[in-house]
Amino acid sequence: LHPGLPPEGNIYLKEAVSMGIPKKDLFTTYSVTNTLQEAKAVKKILNNEINSRQKKVILVTSAFHMKRAKKVFEREGIYVIPYPVDFRSRKNLSSSLRNPLNWIPSSSSLSTNSLALREIIGRIIYRSWK
């Protein structure tokens, strides 16, 4: 959530319509703050808006987040076709390790570590409830 900006879903809906997808075929959730809320919101749309017994979605999310997100959606009874994006890896890790300057901590590294730590905590929390 970014104050002053429309929800991401609304932005993507506009883009999809501009690409020729009929608006009647597009849905977005209410504002959510985490993966579990998103899964519940999607389940609500699948149950109330779409006439289908088969609850199936293409889940587009960051590659490092996909494993946890897929489990959360599946626990809500939604069949997930994963579509991971935003891969975060270096193509040439060995050359990166050879440069000693890359071993010095930086603010961007702390930010990356924060994302990884949040993902680990999320996996632990979501694993604990069944």
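Guide: Accessible areas are obtained by the Shrake-Rupley method with a 1.4 Å probe. In this predicted model, the accessible surface of the chain is about 10300 Å².

Visitor: What share of that accessible surface belongs to carbon and sulfur atoms?

Guide: Carbon and sulfur atoms hold 58% of the accessible surface. As for burial, 20% of the 130 residues in the chain are buried.

Visitor: How many helices and strands does the chain have, and which pattern do they follow?

Guide: There are five helices and two strands. Along the sequence, the pattern reads α-α-β-α-β-α-α.

Visitor: How should one read the contacts with a separation of 6 or more?

Guide: One asks what part joins residues 24 or more positions apart; in this chain, that part is 46%.

Visitor: Is His65 buried or exposed?

Guide: Buried means under 20% relative accessible area. His65 has 13% relative accessibility and therefore counts as buried. His65 lies in helix H3, which covers residues 63-75.

Visitor: Which residues is His65 in contact with, leaving aside its neighbours within four places in sequence?

Guide: Those residues are Thr35 and Glu119. With Thr35 there is a polar contact between the two side chains, at 3.1 Å.

Visitor: Where is Thr29 found?

Guide: Thr29 sits in the loop between helix H1 (8-18) and helix H2 (35-48). Setting aside neighbours within four places in sequence, Thr29 contacts Glu38, Ala41, Val42 and Ile45.

Visitor: How many residues apart in sequence are Thr29 and Pro7, and what is their C-alpha to C-alpha distance?

Guide: Thr29 and Pro7 are 22 residues apart in sequence, and their C-alpha atoms are 9.4 Å apart in space.

Methods. Residues are numbered from 1 along each chain as its sequence is written. This is a predicted model: local features need pLDDT of at least 70, side-chain atom pairs count only at pLDDT 80 or more; totals for chains, interfaces and linings use all residues. Side-chain values use heavy atoms; hydrogens and water are left out. Helices (H or I, at least four residues) and strands (E, at least two) are DSSP runs, numbered from the N terminus. Buried means under 20% relative accessible area, exposed over 50%, partly exposed in between (1.4 Å probe, protein chains only). Contact means heavy atoms within 4.5 Å. A polar contact is a pair of N or O atoms within 3.5 Å; within protein, one must be able to donate a hydrogen and the other to accept it, and residues adjacent in sequence count only if both atoms are side-chain atoms.
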